[in-house]
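Let's walk through this fold together, beginning with a hairpin and working outward to the sheet, the helix and the cores. Please keep the 3D view open as you read.

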Amino acid sequence: MDDNKIIMLLDDGSEIEFTILESTTYNGSSYILVTDAPDDEDGECRIFKEVSDENDAEAIFEDIADEDEEDAVFDIFLKMLDGEIEIER
């Protein structure tokens with residue numbers, strides 16, 4: 001598997017593959033910006049927060065529940081990408 005790919009297991013047992021576009025840390029938590037689009041195609045981007053701890057065998061990511069936290073992290077990713085991709089809110 002590519003280093004920039006991640007496979008997420010959904011609650012229903014199905015899997016979905018994402019490409020990691022960027023990662024960052026904010027207020028002590030780790031976040032990833034991912035897309036479901038194949039290379040060089042348009043797709044949706046999502047931000048996930050890592051919620052795993054040192055006892056977990058694999059990283060655990062979830063959607064961000066707090067809207068203010070999501071907005072702050074979104075703004076960080078926008079600055080990091082600085083026009084590399086087009087993002088619609």
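## Two hairpins

S1 and S2 make a hairpin in which 5 residues lie between the two strands. Look in that turn for Gly13, whose phi is positive at about 95°. This is a predicted model, so treat each value here as computed from predicted coordinates. The two strands, S1 at residues 5–9 and S2 at residues 15–26, pair in the antiparallel sense through 5 bridges. To find the register on screen, start from Lys5, whose bridge partner in S2 is Thr19; Ile7 has Glu17 as its partner in S2.

S2 then forms a hairpin with S3, this time with 2 residues between the strands. Asn27 sits in the turn and has a positive phi of about 50°. S3 covers residues 29–35 and runs antiparallel to S2, with 7 bridges joining the pair. A handy landmark here is Ser23, which stands opposite Ile32 in S3.

## The whole sheet

Stepping back, the protein chain holds 1 helix and 5 strands, in the sequence pattern β-β-β-β-β-α. The strands form an open sheet in the order S1-S2-S3-S4-S5, with antiparallel pairing. Which strands stand at the edges? They are S1 and S5 (61–63), and because each has a single partner strand, one side of each is left without a neighbour in the sheet. From one strand to the next, the twist averages 50°.

At the S5 end, S4 (residues 45–50) pairs with S5 in the antiparallel sense over 3 bridges. Glu50 is the residue to look for, as it stands opposite Phe61 in S5. H1 packs on the sheet, where it touches S2, S3 and S4. The direction of H1 makes about 90° with that of S2.

## Cores and burial

The largest nonpolar core brings together 8 residues: Tyr31, Leu33, Ile47, Ile64, Val73, Phe74, Phe77 and Leu81. Both S3 and H1 (67–81) contribute at least two residues to this core, and H1 gives the largest share, with 4 residues. Val73 is a good place to centre your view: leaving aside residues up to four places away in sequence, Val73 touches Thr24, Tyr26, Tyr31 and Ile47. Apart from this core lies another, of 6 residues, including Met8, Phe18, Ile32 and Phe48.

Across the protein chain, 24% of the 89 residues count as buried. The exposed area is about 6600 Å², of which carbon and sulfur atoms supply 39%. Among contacts with a separation of 6 or more, 27% are between residues 24 or more positions apart.

## Confidence in the model

How confident is the predictor, and what is the mean pLDDT of the protein chain? The mean is 86, and 90% of the residues reach 70 or more. Among the elements, S3 has the highest mean pLDDT, at 94, and S1 the lowest, at 88. As a general caution, where pLDDT is low, the predicted coordinates should not be read in detail.

Methods
Residues are numbered from 1 along each chain as its sequence is written. This is a predicted model: local features need pLDDT of at least 70, side-chain atom pairs count only at pLDDT 80 or more; totals for chains, interfaces and linings use all residues. Side-chain values use heavy atoms; hydrogens and water are left out. Buried means under 20% relative accessible area, exposed over 50%, partly exposed in between (1.4 Å probe, protein chains only). Contact means heavy atoms within 4.5 Å. Accessible areas come from the Shrake-Rupley method with a 1.4 Å probe; for residues, only the protein chains shown count as cover. Two strands pair if DSSP finds at least two bridges between them. pLDDT is the predictor's confidence in each residue, from 0 to 100. A nonpolar core is a set of buried Ala, Val, Leu, Ile, Met, Phe, Trp, Tyr and Cys residues joined through side-chain atoms within 4.5 Å. Axes are lines fitted to C-alpha atoms, for helices over the stretch in contact, and angles run from 0 to 180 degrees between N-to-C directions.
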